Amino acid sequence: KNSIKAVEKELVPCSLQGKEKATLKRSQIFQIPGCKDLETKVIVVLGKAGMGKSILVQKICQDWSNGEFSQFEFVFWFDCKQISLPEKRYSLKYLLLEFFVKPQEGSKEIFEYILQNPAKVLLIFDGFEGLHDHENFPRCSASQPEKDLCSIKELLSGLVQKKILNGCTLLVTARPKDKVFQYVSKVDKTIEIEGFSPQQRELYITKYFQGLPYCDNALKLIKECEYLFSHCYSPAMCRCVCFLCETVLEIGDKSLPSTLTTVFLKFVQQKIIPMQTDATAMQNQESLAMLARIAWYLGEKHQSAMKSDLLPSKEVKEFALKYGFFLPFAFPRHSDSGEEEFGSTFSDFIIQNFLGALHLMLAEEIKDKSLTKYLSFPSKKKKPYNWLDLVPRFLAGLLFLQDDPYFCSLSNKDVKQSTKKQKTLLKYIRRLQINELCPERLLELLHCIYETQSNYLLQHVALRLKPDLCFLGVVLTPPDVHVLHSILKRSRKEFSLDLRNSSIDVQGLKDLVGLRNVASFRASLSDTVRLWKSLEQTKDYELLRASTEKFVLDPFKAKTMKDVNDLSDLVEMQEKMISCVQDVSGCSSYEIPAIKNLRKLEFALGPVCGLQGFLKLVEILAAFPSLQHLDLDALSENGIGDEGAKSLSEVFPTLTSLETLNLSQNKITDVGAEKIATALPSLSSLKTLSLYNNSICDFGAENLAKVLPVMASLRVLDVQYNKITGVGAQQLTDSLRKCPHIKNLVMWNPTIPYGVLEHLQQLDSRISV
């Protein structure tokens with residue numbers, strides 16, 4: 001469990017700039033520095049449905065076939081939703097050389113070579129979500145796992161546990177919310193596919209319509225519908241929007257649907273209607289209703305594929321294949337029966353979500369009162385009811401489209417029943433404690449409400465949002481930002497936003513910060529500086545000034561070298577801001593409020609980068625005139641040592657507001673203590689100084705004792721857990737008599753005899769241990 005938690009902590013989304021720095025070429029995917037060649041290497045590729053994980057692994061296979069990735073002599077690629085379907089038991093040999101590819105001759109020799117050379121084998125398991133459902137992932141218990149028959153889950157488990165083919169490379173693709181790290185606790189590399197940037201979206205759309213007479217109109221039409229354009233960050237969604245836009249332009253329409261629900265309603269309708277006759281209309285409605293039922297019940301099992309012979313009728317099968325809802329695939333022939341088995345899978349995960357929601361609308365057995373359990377925002381702890389996580393959005397949208405002619409053409413539903421369901425949703429949301437929802441559930445609610453396009457509900461939610469909205473560590477996709485923006489601007493409240501580690505892009509940050517009723521915001525420093533630089537380049541000085549006024553930095557904790565570099569960039573930005581303000585208003589000085597008002601700064605880089613990072617931090621400390629609390633005490637121990645102490649002491653005269661200085665656990669000796677003591681009188685506001693758990697001896701204590709009487713503001717000094725003996729303790733005590741302003745001297749040291757310390761305590765009650 002601890003190893004799983006450790007892996008999950010490492011996967012906190014980083015800022016936009018950090019992610020760009022980590023952008024990988026395909027040729028770098030298998031480069032794992034410091035990894036032992038003899039051990040199995042596990043690489044996990046994360047990405048939401050439709051982000052292109054399958055395209056990536058197909059491209060890797062293509063690259064390999066063209067001579068790249070020469071370290072691998074064998075590459076095996078498995079689609080998890082297909083290999084988990086037959087529920088058969090496999091040996092490793094059968095999985096590789098029967099199921100995947102059957103050599104014409106020499107199977108035994110090839111398999112022996114694979115076992116002897118595992119480092120030359122790459123195994124790709126695409127779509128990990130297709131392998132697990134509500135059951136626990138079983139452990140491989142086979143005594144001879146390469147030869148014994150196991151379930152596909154046990155085989156994968158054996159590969160991860162290094163019981164099978166130890167030394168091979170495993171590439172697993174999964175969705176971010178899947179519990180892949182619960183089953184694969186040892187991961188050597190994690191890669192996340194982020195989707196298209198705004199520029200890449202435009203490029204994709206332009207390429208899609210290239211050569212068509214309405215190419216320019218298509219891009220303009222999609223960009224005008226900002227919500228749909230935000231969804232185009234997903235390659236699969238971008239393709240779907242382009243298809244719909246193509247259809248709209250061909251029939252002469254001049255606008256696109258405004259919500260995801262209406263997009264897919266029209267998408268489905270455009271697939272079916274052009275080929276439909278009066279005679280087939282009723283049959284198509286029945287087939288669609290049955291297909292929607294299948295989508296829902298497969299979703300409950302965490303599946304998107306099924307054996308073709310389990311489809312309810314030939315008509316449904318033909319309907320699903322004819323209109324592209326299903327894609328067929330074949331299982332390999334089994335040598336014992338010789339019969340070929342066929343399967344069908346939904347062509348798109350989003351289509352399955354839409355059809356699942358359609359089932360909830362059409363199914364007579366689902367009563368209006370039970371509808372709310374299918375929504376995924378009731379509480380923080382309650383899990384979403386179904387694996388199809390877009391169903392609540394589509395369901396909310398469909399409930400408000402009951403009179404839509406497109407919807408009516410796809411179903412022979414009872415309008416009264418749907419009206420009841422709509423009223424149930426309204427009543428449920430009115431009772432919901434919106435200001436108590438966790439960030440993820442709140443975003444889900446906002447998406448659902450947005451899909452309804454109900455002015456009443458949109459206003460209802462906007463009025464009930466709490467003024468402090470924290471999305472710390474919650475990934476905000478472009479569609480998330482769009483719905484949040486559209487609802488925030490409806491409210492008359494002033495909001496404070498925390499967008500740190502949310503992976504928000506520059507455009508999204510610009511949109512939210514630009515709202516008049518967003519009074520303040522916190523965001524990752526690199527994202528903020530990036531925004532300001534883009535505003536400076538476009539000469540949008542008004543928004544630049546407004547966003548600097550709203551930005552909040554206090555308190556700031558530097559945990560990585562990147563944090564220190566970002567803070568340095570922020571200070572540099574202030575110089576640029578002065579020239580910008582000078583151009584606009586003629587003022588010759590300007591201080592960014594976040595820099596001016598920073599009061600608490602924590603530093604926790606640890607021993608590896610501690611000194612290097614601290615020396616860089618010291619260079620900019622003078623830029624923070626209101627700094628009151630500088631904390632260098634970290635659990636991992638920064639270890640700035642005497643060099644860091646000397647460097648810090650040199651800038652003491654600039655830290656005129658500093659009240660608390662914590663230098664605990666930093667390997668400071670008498671040399672550093674002397675430098676600090678000499679410069680201490682220049683800290684005119686210092687109230688608390690902690691040198692806890694360093695390596696200060698009597699000489700350091702003597703130097704501190706000399707300056708205590710002139711430290712008029714000092715109230716607390718902590719020198720416990722150093723190497724001070726009775727001699728140094730006596731000197732500090734003697735000095736304390738001249739310091740009526742000091743309230744507490746914490747002085748327990750293992751090197752001070754207990755009797756001596758007890759005696760000193762009796763002399764001065766301000767000494768504590």
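## Aromatic pairs

F354 and F394 are both buried. The model is predicted. Across the whole structure, a search finds 22 aromatic pairs. F354 and F394 form one of them, edge-to-face, with 5.4 Å from centre to centre and 90° between the planes. This pair links distant parts of the chain: F354 sits in helix α16 (residues 349-362) and F394 in helix α17, 40 residues apart.

Another edge-to-face pair joins F603 and F614. Here the centres are 5.6 Å apart and the planes make an angle of 70°. F603 belongs to strand β13 (residues 600-603) and F614 to helix α28 (residues 606-618), so the pair ties together parts that are 11 residues apart in sequence. Both rings belong to buried residues: F603 is buried, and F614 is too.

## A ring cluster and two charges over rings

How are F243, F264, F267, F354 and F394 linked into a cluster? Ring pairs do it. F354 and F394, the buried residues described above, are among the members of this cluster.

Two arginines are placed over phenylalanine rings. R175 lies over the face of F349, 3.8 Å from the ring centre. R201 lies over the face of F229, at a distance of 4.9 Å from the ring centre.

## Salt bridges across the chain

The whole structure holds 15 salt bridges by the same kind of search. One of them joins D63 to R26, with the closest N and O atoms 2.7 Å apart. It links distant parts of the chain. D63 is in helix α3 (residues 53-65), while R26 is in the loop between α2 (16-21) and β1 (41-46), and 37 residues separate them. Are the two partners buried or partly exposed? D63 is buried, at a relative accessible area of 6%. R26 is partly exposed, at 31%.

R393 and E444 form another salt bridge, whose closest N and O atoms lie 3.2 Å apart. This one also links distant parts of the chain: R393 in helix α17 (residues 391-399) and E444 in helix α20 (residues 439-452), 51 residues apart. R393 is buried, with a relative accessible area of 14%. E444 is buried as well, at 10%. Helix α17 thus appears twice in this report: it carries R393 and F394.

## R766 and its contacts

R766 is located in the loop between α33 (754-763) and β19 (767-768). Its side chain meets that of D764 in a salt bridge, 2.9 Å from N to O. D764 and R766 are both buried. Why does R766 count as buried? Its relative accessibility is 19%, and buried means under 20%.

The side chain of R766 has a further partner. It reaches the backbone oxygen of L736 at 2.9 Å.

## The parallel sheet

Five strands make an open sheet in the order β2-β3-β4-β1-β5, with parallel pairing. Which strands form the edges? They are β2 (74-79) and β5 (189-192), each of which pairs on one side only. From one strand to the next, the twist averages 15°.

How many bridges join β1 to β5? There are 4, and the two strands run parallel. V44 has T190, in β5, as its bridge partner. Strand β1 also bounds a loop met earlier, the one between α2 and β1 that holds R26.

## Helices α22 and α33

Helix α22 (residues 478-488) has 10 of its 11 residues buried, so it is largely enclosed by the rest of the structure. The buried residues include P478, P479, D480 and V481. H482, V483 and L484 are also among them, as are S486, I487 and L488.

G755 has its place in helix α33. How accessible is G755? It is partly exposed, with a relative accessible area of 45%. In sequence, G755 and G726 are 29 residues apart. In space, their C-alpha atoms are 9.7 Å apart. Helix α33 also borders the loop that contains R766.

Methods. Residues numbered from 1 in each chain as written. Predicted model: local features only at pLDDT ≥ 70, side-chain atom pairs only at ≥ 80, totals over all residues. Heavy atoms only, no water. Salt bridge = Lys/Arg side-chain N within 4 Å of Asp/Glu carboxyl O. Buried < 20%, exposed > 50% of the residue type's maximum accessible area, 1.4 Å probe, protein only. Phe/Tyr/Trp six-rings, centres within 6.5 Å; stacked < 30°, edge-to-face > 60°. Lys NZ or Arg CZ within 6 Å of the ring centre and 35° of its normal. Pairing = 2+ DSSP bridges. Axes fitted to C-alpha atoms, helices over the stretch in contact; angles between N-to-C directions. Polar contact = N/O pair within 3.5 Å; in protein donor to acceptor, adjacent residues only side chain to side chain.
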